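Me: Please take one helix in this model and look at it closely. What does it touch, and how is it placed?

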Amino acid sequence: MKNTLKKLMPFALTGVISGATVFGASQYFSHENNGEDFSYFTTASKKSAFVGMGTAVGDDFVKASKATVPAVVTIKNYQDRATQRPQESDMFDFFFGPGNSPFGGGQQRQQQQPPKNMPSGLGSGVIISPDGYIISNNHVVAGANKLEVVLSNKKSYIATLIGTDPNTDISLLKIEEKGLPYLNFANSDLTEVGQWVLAVGNPLGLNSTVTAGIISAKGRSIDILSQQSRTPIESFIQTDAAINPGNSGGALVNVNGDLIGINTAIQSKTGYYEGYGFAVPSNLARKIVEDIKKFGLVQRGFLGVGSLDLSNEMQVAAYNQREKKNLKAGDGIYVTEITKKSGAEDAGIQVGDIITKIDNTDISGFSDLSLAIGSRRPGDKVNVTYSRNGKINNVSVTLKDQKGGTSSRSKDDLTVTEKIGSEFEPLSERVKTDYGLESGVIAKNVLEGSEMDKIGVVDNYIVMEINGKPVNSQKDVEKILNGYKGNVQVKYVDAYGRITTRGFKLQ
């Protein structure tokens, strides 16, 4: 047997890949922050270490696992059963399979609601500071009236939800404790396809599970967040490390045990691992939690263009047919419209231009553009390279928010509809007659995880009264709640004509 092993050793060493070290600063960390201090969360070294087949891979995985496991937690989502809406499909059913989403999903959820005092769903989270800040996914905490965090040592805490961002599926929680183990943020821009990674989380109720794989691709857009956000940012890290329901919100780390991503979804026909997992890059995740911690909400800059992804042949073909054009598929973003008073309009970008680069980042498709712009704040300047009639042009663009502003906003700056997460349309007289109502407005564009969403209101539900006062227009809602702080009572009618009164607190 020993002789056989000796004969096989030369073959085992064939194809050895040497380790490499990539130097360079991330473009993200070199962006100007207008003098603001975002140094709270700890950053890993800007050098990104890789492991080769010829190095002690097992030892590296052991070290990374020991560093990571204590900082990854279980998150238990408790919901009032009255707020659960079984008629709705789970947005993650497509990726986890019907009935196999992290929260039970689809028909299974209709038939089996959790017993009282039992969590409605289980997910994972990552401790990112010694005083108890925890990053996870928005869909892990959505709809919760209580969030319990369980450490790897089985200690349990009730967490405060600091904020969420449906656009990136990121959330920030806080538990009251000191001296906790935590993970450093690595520079996800420096990750490479083929790099070894570990996924750490709590899949299928199996606590503190570590799986290994490589980065399979970067900049993946899988069109999953568009179901919970009108302006999603999708530029996922794809990995073949085994990820299953319950891994959501857990850590994707390099062999140093540094955080390079937040595991978010799998693509599967069965609902279980089939080789494709997706994680939010750590650079984007860090920007989101910094904004939530400092401002209470995410500061997002917009370029102000309508876009066509030229790398998507189906989209190009459909656009050509619809608009009677003859565009060719390739790399870049074709500008289809310009928002009035936007940074793009101010800089002279026009319909028909093809955006090919943002600063030093090549823009091959929409995922590149959404990450390059979506990870910036209003007031940030970016250099846009675009082609017009075959000529390459460069222009500096000042990003703005959706209202055209260039400064940071806090919760106090939000409108009433932004604070409660819903817009409203007047109710027609016919609908009032059909439902036997004297007043009411129709809820529209209800945001996932918003105050209205938490009390069970979805698009097209009818809000009859707020704080005991009838409402017939969005102005009525704004008048009642403008400047108001305290408990809010909402009386509404669901799709089955049932009248419910629920409440939330505005601070």
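Reply: **One helix and its surroundings**

The buried residues of helix α6 pack against strands β5 (133-136), β7 (156-165), β8 (170-174), β13 and β14, and against helix α9 (366-374). Contact means heavy atoms within 4.5 Å; buried means under 20% relative accessible area, exposed over 50%, partly exposed in between (1.4 Å probe, protein chains only). Helices (H or I, at least four residues) and strands (E, at least two) are DSSP runs, numbered from the N terminus. The model is predicted: local features need pLDDT of at least 70 and side-chain atom pairs 80 or more, while totals for chains, interfaces and linings use all residues. Residues are numbered from 1 along each chain as its sequence is written, and side-chain values use heavy atoms, without hydrogens and water.

Helix α6 covers residues 282-295. Of its 14 residues, 12 are buried, so α6 is largely enclosed by the rest of the structure. Among them are S282, L284, R286, K287, E290, D291 and F295. The end C-alpha atoms of α6 are 20 Å apart, which agrees with the 20 Å expected at 1.5 Å a residue (1.5 Å times one less than the number of residues). Just after α6, G296 has a positive phi of about 85°.

Helix α6 lies across β13 (259-266) and β14, at about 50° to β14; axes are lines fitted to C-alpha atoms, for helices over the stretch in contact, and angles run from 0 to 180 degrees between N-to-C directions. Both strands belong to a six-stranded antiparallel barrel, closed in the order β9-β10-β11-β14-β13-β12. The twist averages 45° from one strand to the next. Within the barrel, β14 (residues 277-281) pairs with β11 (residues 236-239) over three bridges, where pairing requires at least two DSSP bridges. F278 in β14 is the bridge partner of Q238.
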